Amino acid sequence: MRTAHRVETVRAAEAALMARLPEGALMQRAAAGLAAACCSLLGKGRVYGARVVLLVGSGDNGGDALYAGARLARRGAGVTAVLLGARAHPGGLAAFRAAGGRITDDPFDALAVADLVLDGITGIGGRGGLRPDAVPVARAARGSGAVVVAVDLPSGVDADTGEVTGEALRADATITFGTYKPGLLVDPAREYAGALRLVDIGLGPVLPGVPDLEALQHQDVARLLPVPGAGSDKYRRGVLGVVAGSARYPGAAVLAVAGALRGGAGAVRYVGPADGAVIAAHPETLVHPGPPAKAGRVQAWVVGPGIGDDTGVVAEVLAADVPVLVDADGLRGLDPAAVRARTAPTLLTPHAGEAAALLGVSRETVEAGRLDAVRALAARFGATVLLKGSTTLVCGPAAGPVRVNPTGTSWLATAGSGDVLSGLSGSLLAAGLPALDAGSCGAYLHGLAARRAASGSAPVTATEVADSLRAAWRDVSSPA
């Protein structure tokens, strides 16, 4: 599992560790890891004679870059530093000069022939984008053709929130120290980070046990996924009720049921007007004319995909004493008090537009500050919230880390893919997973399925995503 911690937490851990170490030892650890990563990015045998440019700000990130630059210079690289701050780290600058590094007042000539650029302009405490005097240099670095490597965090992005409120330097790779920072895992900042590499500098023992953000990996999802035992029957595996679809949107019901069946539900009970389309596509489905309370035994409900204006059924489903997932049309005008009054878990799965409507803000506000938005929704509704989008986030109603899904792909931006996710996550709720795990594992499998269906570059449909869920499940359960 990847874990991320806020700046305040990282600074406190660094201070505690530095108190136990010789002066400068922590920065030397970071510089050593940074230099080693740069060597691997340059390629075997290409360090000697390579042209490296350091963009050096006033803070510790600038010091990390200077010390790493000194190490590269001692290995035969030609290293040039561009000093962009009011001052430079004294020890790092002295080490850099002693190793044969040079300082330039003309960054553009140096960048024009660079093989690798180290971005040490601002650190994890930076806010509000790059300063105006750094913008032309950052643009030249990005347009140089060199590999751009961010030191701990791309300059100009917010480490805690992932927001990018001004100009930032987009990196090809980010070498971060001690722990991931939330902004490295959450869009829009994630798009600026490139490939991520974590350098262990010994922070683990002094970081708190509960991170601010966490990203599940294959082994985490495999541990959480329900596996039927020898004595399992359809009820023990979980029966999911699905209230979805309408005369206008029958496909939403078909896709939600497909996600549920391929997500491992023991059985699916469908309630709604699209029963003919559902049975034609999935004859194993149990259909009922409704109301939901009379449909038969279920362990969880999904309500909302494609129901159109018939939102009155949402209140009927919320009255059930089982976990409920509310998606799409079911979120329209959803009453926070009604959700908070429930004793069984509730999982809400809005996209940015639906989240904006629930919070009374603009869609742009949600997309720019996804972490703040998902936390605000979870607090307002007293529910677990899965915020779909370029970075899918899952936040529980109680204090604890927000989960970020690492398998998302832009190919999921296709009609109906959210309906598949609803059925899939609902099936995991019915199998007994807590809402946070059901949403997290559902999003993880959903992303893997889309990647499989796309084969890297081909457009996909929601049906193809659903059809790939079994293979995604196998990928997680039996990794190569």
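# A tour of two sheets, a helix and two hollows

Begin by selecting Val117 in this predicted model, and then add Val148, which is its bridge partner in S6. The two residues lead into a pair of strands, since strand S5 (residues 116-120) and strand S6 (residues 147-151) run in the parallel sense and are joined over four bridges. With that pair in view, widen the selection to the open sheet of seven strands, whose order is S4-S3-S2-S5-S6-S7-S8 and whose pairing is parallel. At its edges you will find strand S4 (102-103) and strand S8 (195-199), each of which pairs on one side only.

Next, select helix H3 (residues 60-74), which packs on this sheet and touches strand S2 (51-56), strand S3 (78-83), S5, S6 and strand S7 (173-177). If you look along S2, the direction of H3 makes about 160° with that of the strand.

Before leaving this sheet, stop at Asp152, which lies in the loop between S6 and S7. Its phi is near 75°, a positive value in a residue other than glycine, and Asp152 counts as buried because its relative accessible area is 5%. A further stop is Pro188, in the loop between helix H7 (182-185) and H8, where the peptide bond from Asp187 to Pro188 is cis, with omega near 10°.

## The sheet of 11 strands

Now turn to the other open sheet, in which 11 strands follow the order S1-S9-S18-S17-S16-S15-S14-S13-S10-S11-S12 with mixed pairing. Strand S1 (2-4) and strand S12 (286-288) stand at its edges with a single partner strand each, so one side of each has no neighbour in the sheet. From one strand to the next, the twist averages 20°.

Within this sheet, select strand S10 (residues 239-243) and strand S13 (residues 300-303), which pair in the parallel sense over four bridges; Leu240 stands opposite Ala300 in S13. Then add helix H18 (residues 417-430), which packs on the sheet and touches S10, S13, strand S14 (324-327), strand S15 (346-349) and strand S16 (384-387), with a direction about 170° from that of S14.

Stay with H18 for a moment and colour the helix by accessibility: how many of its residues are buried? The helix is mostly covered, with 14 of its 14 residues buried. From its first C-alpha to its last H18 reaches 20 Å, close to the 20 Å expected at 1.5 Å a residue. Just after the helix, Gly432 takes a positive phi of about 110°.

From H18, move to Gly259, which is found in helix H11 (residues 250-262). Gly259 counts as buried because its relative accessibility is 0%, and, when residues up to four places away in sequence are not counted, it touches Val420, Gly423, Leu424 and Leu469.

For a residue in another strand of the sheet, select Cys395 in strand S17 (residues 393-395). Cys395 is buried, with a relative accessible area of 6%, and, leaving aside neighbours within four places in sequence, its contacts include Val374, Ala378, Val385, Val402 and Leu436.

Two loops complete this part of the tour. Ala328, in the loop between S14 and helix H14 (336-340), has a phi near 50°, a positive value in a residue other than glycine, and is buried with a relative accessible area of 17%. Pro291 sits in the loop between S12 and S13, and the peptide bond that joins Gly290 to Pro291 is cis, with omega near 5°.

## The pocket and the cavity

Switch next to a view of the empty spaces, where the largest pocket holds about 870 Å³. Of the 38 residues that line this pocket, the closest to its centre are His351, Lys388, Gly389, Leu412 and Ser417, so to speak the points on which to centre your view. Which element gives the largest share of the lining of the largest pocket? That share, four residues, comes from H18, and among the other elements that give two or more residues are H11 and helix H15 (352-359).

Finish at the one cavity of 30 Å³ or more that a search of the whole structure finds, which has a volume of about 70 Å³. Among the residues to select around the cavity are Glu214, Leu216, Arg403, Asn405 and Tyr444. Strand S9 (213-215), strand S18 (402-404) and H19 each give two or more residues to its lining, and the largest share, three residues, comes from H19.

Conventions: Residues numbered from 1 in each chain as written. Predicted model: local features only at pLDDT ≥ 70, side-chain atom pairs only at ≥ 80, totals over all residues. Heavy atoms only, no water. Pairing = 2+ DSSP bridges. Axes fitted to C-alpha atoms, helices over the stretch in contact; angles between N-to-C directions. Contact = heavy atoms within 4.5 Å. Buried < 20%, exposed > 50% of the residue type's maximum accessible area, 1.4 Å probe, protein only. Expected span 1.5 Å × (residues − 1). 1 Å grid on protein atoms, 1.4 Å probe; cavity = no way out; pocket = protein on both sides within 12 Å on 5 of 7 lines; lining within 4 Å. Points joined across faces, edges and corners; volume = space filled by probe spheres on them.
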